[in-house]
Amino acid sequence: QVTLVESGGGLGQAGGSLRLSCAASSSGSFFSINAMGWYRQAPGKQRELVATITRADRINYADSVKGRFTISRDNAKNTVYLQMNSLKPEDTGVYYCNVKGDFVNQDYWGRGTQVTVST
């Protein structure tokens, strides 16, 4: 069983910054984390990728956040971060942490944290 605890969401202003964190913990059998990432879902829209980072530090960003958001991870703490700068109102949504292991069925989601960007 893998548990993801997200923190850092809230209200931000356009042009401002927020930082999200997601800590993963597992109980039971050994679990090796491969990719970690963030997805978001705006009201009335489908969930979309924001950024991902693999064990090999291969990073992928959505075009809409390139140059503004930075994803990083601390492997010792099993934690992934999302630094969000130059926020825009269209960044508003629920942000979900995702962690994948080495096997296809090892795909876990956090409960989500709300990010609201005001003008």
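Student: In this predicted model, which residue lies over the face of W109?

Tutor: The ring of W109 has a charge sitting over it, 4.6 Å from the ring centre. That residue also lies over the face of Y96, at 3.7 Å from the ring centre. The name you're after is R47.

Student: And which residue forms an aromatic pair with W109?

Tutor: A search of the whole structure turns up two aromatic pairs. One joins the rings of F31 and Y108, with centres 5.4 Å apart and planes at 90°, so that pair is edge-to-face. The other is edge-to-face too, with 5.0 Å centre to centre and 65° between the planes, and there the partner of W109 is Y39.

Student: How many residues apart in sequence are the parts that Y39 and W109 tie together?

Tutor: Y39 is in strand β4 and W109 is in strand β10. Y39 is buried at 15% relative accessible area, while W109 is partly exposed at 36%. Because they sit in those two strands, the pair bridges parts of the chain whose separation in residues is 70.

Student: Which residue is joined to C22 by a disulfide?

Tutor: There's one disulfide by the count, with an S to S distance of 2.1 Å. C22 belongs to strand β3, and its partner is in strand β9, 75 residues apart. The link is left-handed, with -80° about the S-S bond. The partner is C97.

Student: Is T113 buried or exposed?

Tutor: T113 is found in strand β11, and its contacts beyond four places in sequence include E6, L20 and Y95. Its relative accessibility is 13%, so T113 counts as buried.

Terms used:
Residues numbered from 1 in each chain as written. Predicted model: local features only at pLDDT ≥ 70, side-chain atom pairs only at ≥ 80, totals over all residues. Heavy atoms only, no water. Disulfide = S-S within 2.5 Å. Helix = DSSP H or I, 4+ residues; strand = E, 2+ residues; numbered from the N terminus. Buried < 20%, exposed > 50% of the residue type's maximum accessible area, 1.4 Å probe, protein only. Contact = heavy atoms within 4.5 Å. Phe/Tyr/Trp six-rings, centres within 6.5 Å; stacked < 30°, edge-to-face > 60°. Lys NZ or Arg CZ within 6 Å of the ring centre and 35° of its normal.
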